[in-house]
Amino acid sequence: QDVPERMARVRLEYDLAGLPGLTVAGGVQYLGRRPVDNYDTQYLPAVTLFDAGLRYETRIAGRRATYNLNVSNLADKRYWASYSGSGLQFGAPRLVSFSAKLDL
């Protein structure tokens, strides 16, 4: 149950030569149809999700600082994430996240 017939993930990053320290990232994830019963008679449909992000690395007071901005489920696709004994679970909507890290 709930194991996709096919699954693939690709994530690419590209450092922008004209803007030192800035990296653009993108990814795609494909989950094939997934059975929801022990007899494989009913399935959750396949889904393809896209992600995008930016990372900026610089130095502050001689220490490395990294800033990340990411968007998951870029197209805000509505999908079923999984099935369990308690029922179907919705997939996460578009999610925007930001983080900052300073090496000490």
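**Strand pairing, ring contacts and turns in the predicted model**

L54 has L69 in strand 6 as its bridge partner. The model is a predicted one. The L54–L69 contact belongs to the pairing of strand 5 with strand 6, which is antiparallel and spans 9 bridges. The two strands form a hairpin, with 2 residues between them. Strand 5 covers residues 47–60. Strand 6 covers residues 63–72.

The turn of this hairpin holds A61, whose phi is positive at about 55°. A61 is not a glycine. Most residues other than glycine have a negative phi. A61 sits in the loop between strand 5 and strand 6. Its relative accessibility is 80%, so A61 counts as exposed.

N73 also shows a positive phi of about 55°, and N73 is not a glycine. N73 belongs to the loop between strand 6 and strand 7. Is N73 buried or exposed? The relative accessibility of N73 is 5%; because the cut-off for buried is under 20%, N73 counts as buried. A61, by contrast, is exposed at 80%.

Strand 5 has a further partner in strand 2. These two strands pair in the antiparallel sense, over 10 bridges. Strand 2 runs through residues 22–31. Within it, T23 stands opposite R55 of strand 5. Strand 5 is thus described by two antiparallel pairings: one with strand 2, one with strand 6.

G53 also lies in strand 5. Its relative accessible area is 10%, so G53 is buried. G53 and F98 are 45 residues apart along the chain, and their C-alpha atoms are separated by 9.7 Å. A second separation of this kind involves the loop before strand 2. L19 lies in that loop, between strand 1 (7–15) and strand 2. L19 counts as partly exposed, at 48% relative accessibility. The C-alpha atoms of L19 and Y56 are separated by 9.5 Å, with their positions 37 residues apart along the chain counted as sequence distance.

Strand 7 (residues 80–84) and strand 8 (residues 87–90) run antiparallel and are joined by 4 bridges. A hairpin of 2 residues connects strand 7 to strand 8. Y83 has L88 in strand 8 as its bridge partner.

Aromatic contacts were then examined. How many aromatic pairs are there? The count comes to 2. One of them is Y67 with F98, a stacked pair: 6.4 Å centre to centre, with 20° between the planes. Y67 lies in strand 6 and F98 in strand 9 (residues 95–102), so this pair ties together parts that are 31 residues apart in sequence. Y67 is partly exposed at 29% relative accessibility. F98 is exposed at 57%.

The rings of W80 and F90 make another pair. Their centres are 4.8 Å apart and their planes are at 15°, so this pair is stacked. The cut-off for stacking is planes under 30 degrees apart. W80 lies in strand 7 and F90 in strand 8, so the contact ties together parts that are 10 residues apart in sequence. W80 counts as partly exposed, at 31% relative accessibility. F90 counts as exposed, at 68%. The W80–F90 pair therefore joins two strands that are also linked by 4 bridges.

One contact places a charge over a ring. R33 lies over the face of Y43, at 3.7 Å from the ring centre.

On the surface, a nonpolar patch is formed by V10, L12, V28, F50 and L74. Together these residues have about 430 Å² of accessible area. V28 is found in strand 2. At 31% relative accessibility, V28 counts as partly exposed. Patch residues need over 30% relative accessible area, so V28 at 31% qualifies on this criterion.

Notes. Residues numbered from 1 in each chain as written. Predicted model: local features only at pLDDT ≥ 70, side-chain atom pairs only at ≥ 80, totals over all residues. Heavy atoms only, no water. Pairing = 2+ DSSP bridges. Phe/Tyr/Trp six-rings, centres within 6.5 Å; stacked < 30°, edge-to-face > 60°. Buried < 20%, exposed > 50% of the residue type's maximum accessible area, 1.4 Å probe, protein only. Lys NZ or Arg CZ within 6 Å of the ring centre and 35° of its normal. Patch = residues over 30% accessible without salt bridge, like charges linked within 9 Å, V, L, I, M, F, W, Y side chains within 5 Å. Areas by Shrake-Rupley, 256 points an atom, 1.4 Å probe, with all protein chains shown as cover. Salt bridge = Lys/Arg side-chain N within 4 Å of Asp/Glu carboxyl O.
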